[in-house]
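User: I am new to this structure and would like a close look at a single part of it. Please begin with the whole and then work inward.

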Number of protein chains: 2
Amino acid sequence: MGGDRAPDMVIHGLEIAAERHPAARFLLVGDAAVLEPLVSKHKRVRASCTIRHAPDVIASDMKPTAALRSRQSSMRLAIDAVASGEAAGLVSAGNTGALLALAKIVIKSLPGIDRPAMAAIGPSARGDVVMLDLGANVQCDVRNLVEFAVMGDVFARTVLGLTAPTIGLLNVGSEELKGDDTVREAAEILRASHIGPQFHGFVEGHDITAGTTDVVVTDGFTGNVALKTGEGAMKLMGDFLRQVFTSGILAKIAYLLVRPGLDRLREWLDPRRYNGAVMVGLNGVVVKSHGGTDALGFAHAVDVAMDMVVHRFNERIREDLGRLGLDKRRGADKSASVPNKGATPPTPPGTAQMAPV
Amino acid sequence: MGGDRAPDMVIHGLEIAAERHPAARFLLVGDAAVLEPLVSKHKRVRASCTIRHAPDVIASDMKPTAALRSRQSSMRLAIDAVASGEAAGLVSAGNTGALLALAKIVIKSLPGIDRPAMAAIGPSARGDVVMLDLGANVQCDVRNLVEFAVMGDVFARTVLGLTAPTIGLLNVGSEELKGDDTVREAAEILRASHIGPQFHGFVEGHDITAGTTDVVVTDGFTGNVALKTGEGAMKLMGDFLRQVFTSGILAKIAYLLVRPGLDRLREWLDPRRYNGAVMVGLNGVVVKSHGGTDALGFAHAVDVAMDMVVHRFNERIREDLGRLGLDKRRGADKSASVPNKGATPPTPPGTAQMAPV
């Protein structure tokens, strides 16, 4: 029931996803009276889907504290299905803050993980880049950053299919002495850890799109700002280009001449290709689709959830955490576990979810 | 003596600056044996310039702690000239960390300012935007952010010529409850202050290039990452566009057809137009030119310094701080006053400086 054009958009997306993943079974959680007629119109959804009625909906502007009280919302029932093991994972285009808060409380963190984080994939000059945390934790300590690096490594191996992804820690300079104590201590631990050979050291803002490393690790405040700043900068250039190519008859002819190239650029930067932020570090697979996406984008978020389930994302994190051997003593930190402090992705999301079983 | 192509680039830039500011007198600090033959070749520089010999140079990779020990470096002597009042301001394309550390110790902060910051201007869809801190302070407390807002306001009035610039505080969401205690408390103080009517509230990463506010305030870690991430994203798109327009004969024809528009885009985003990061909050005018800039970019940095001097930048900050009435009690913070923790702008700069008197 979440997202700007839900539930239509979700059902359309599910039709695409069902074709891509013919063996998957889907549990569609929401208002049955609304969902049933929609589902009946889609052949593949109808064949692969079970509807679970949920009388309530978490509104896109609902505070996480209020969302926590609603036990019959579509979001809550979908999360319950993951927590009970009935669903292998969950995809939602709904309220991000509520989803994160509910997931942390109901599904809980993986043993040994202090704080779940949000991770997503973005474009770079040298292929796709994984970045985390994108806003789940506005303040992070050393342990959090180290755990993000371990989870980012598994994410890049699981979803991007890399064998030994390189990892960078975002900082204000690449020299070892740069930054505050937190990033420097995290870098030291990573250098000495099992992922040390993959650890590139510090990277800077421009390294994200340069693709200097496959994984970029940072706190949720910086990651959220960096993600949105990069998107904003690209939008600024895109808007200007649109003006250039519509500024007259010669410009329109020029557009036709370079259209294949520009279409490739548009396709390459298409936000739908990168849709699906993953809440890593939970004891279950939870993928957040952008609320403003369309069916294709939503289907991509389902792909991400599928990759994580099929490639045993969480089992691999558990194995790697064991190799890291971090003790629990450093876990204490003062902030950001209050749900409503977390960041939300660019657009205000709605409240529907769907669980690929 | 600082910057990738110094001192030639600096002297060339000075020739342009001297033409733009015919009343200005320049004190050129560096190796006299190198500077004299160069100066003699430039009519306007020769007429408006005094050379001060400095036997030493701060290398671009020198640690600030080492730079502090060199009392006969060109950077140090130029800073001394500002501290003594001989020069009204200083422009350097040299080592940023060293420049900031030396300036803080020798020129000192303005009375009432806890921490100087780095501010610069960048492009947005709605005109130029001032952003600070860009990396002078990797950790900031409430007081620092509030002071940055006051200084950013004066900067936008002084250098951009705005009468009542709008001010945004960078955060992970625009709602009042978002972010950590530091940004929320700073927002509260700003709302109640004399610049309250100009205070827009929280802005997000994409608001920087959208031009939602004229001034964007943030800590030096986030600001540095945001600046470089935005630049990186634009570079990624620019590189791709270059590929598109050189991919064949039709593309080259298309390029000729839209060249005026693309030239406007290039001009608009030209880093030289935005060259000159200002170290605000010092008891003197200090402008850092990008080390990799050319003569035009350097001349722009001189323009910025001139604007600050002519429009009494520091006097206005002093007046506004008085109106803010912040007491000193909150000034204490644990980090980032150690010089070598500060961030450096994108390219490794060299070590020359020049003081418009």
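Analyst: Two residues are in contact if their C-beta atoms, placed from the backbone, lie within 7 Å. By that rule, residues 24 or more positions apart account for 75% of the contacts in chain A with a separation of 6 or more. The model is a predicted one, in which local features need pLDDT of at least 70 and side-chain atom pairs count only at pLDDT 80 or more, while totals for chains, interfaces and linings use all residues. Chains are lettered from A and ligands numbered from 1 in the order in which they are written, and residues are numbered from 1 along each chain as its sequence is written.

Let us start with chain A as a whole. Chain A holds 13 helices and eleven strands, where helices (H or I, at least four residues) and strands (E, at least two) are DSSP runs numbered from the N terminus. With a radius of gyration of 20 Å, close to the 21 Å of the globule rule for 357 residues, chain A is as compact as a globular protein of that length; the radius is taken over C-alpha atoms, and the rule is 2.2 Å times the number of residues to the power 0.38. Along the principal axes, the C-alpha atoms of chain A fill a box of roughly 60 × 60 × 35 Å. Of the 357 residues in chain A, 58% are buried, a word that requires 20 or more other C-beta atoms within 10 Å of a residue's own, whereas 12 or fewer make it exposed and anything in between partly exposed.

Next comes the way the two chains are arranged. A turn of 180° with a shift of 0.0 Å along the axis lays chain B on chain A with an RMSD of 0.0 Å, so the two copies are related as by a two-fold rotation axis; the superposition is by least squares on the C-alpha atoms of residues with pLDDT of at least 70 in both. Among the residues of chain B, Ala254(B) comes closest to this axis, at 2.1 Å (C-alpha).

The contact between the chains takes 54 residues from chain B and 55 residues from chain A. On the side of chain B that touches chain A, helix 9 (205-210), helix 10 (220-245) and helix 11 (249-269) of chain B each supply at least two residues, and helix 10 of chain B gives the most, with 20 residues. That side of chain B divides into 29 nonpolar, 17 polar and eight charged residues, counting Ala, Val, Leu, Ile, Met, Phe, Trp, Tyr, Cys and Pro as nonpolar, Asp, Glu, Lys and Arg as charged, and the others, Gly among them, as polar. Since 100% of the interface residues of chain B are also interface residues in chain A, the copies meet through the same surface.

Beneath this lie the nonpolar cores, each a set of buried Ala, Val, Leu, Ile, Met, Phe, Trp, Tyr and Cys residues joined through C-beta atoms within 7 Å. The largest has 202 residues, of which Ala119(A), Leu132(A), Ala119(B) and Leu132(B) touch the most other members. Beyond its neighbours within four places in sequence, Leu132(A) is in contact with residues including Phe148(A), Met151(A), Val217(A) and Val280(A). Another core, of ten residues, lies apart from the largest and has Phe245(A), Val258(A), Val244(B) and Phe245(B) among its members.

The single part to look at closely is strand 10 (residues 285-288) of chain B, which is covered on both faces. Val285(B) and Val287(B) on one side are buried, as are Val286(B) and Lys288(B) on the other. In a regular strand the side chains alternate between the two faces of the sheet.

Strands count as paired if DSSP finds at least two bridges between them. Strand 3 (residues 89-92) of chain B runs parallel to strand 10 of chain B and is joined to it by four bridges, with Val91(B) standing opposite Val287(B). Strand 9 (residues 277-280) of chain B pairs with strand 10 of chain B in the antiparallel sense over two bridges, and here Val278(B) stands opposite Val287(B). Strands 9 and 10 of chain B form a hairpin with four residues between them, and Gly281(B) in the turn has a positive phi of about 100°.
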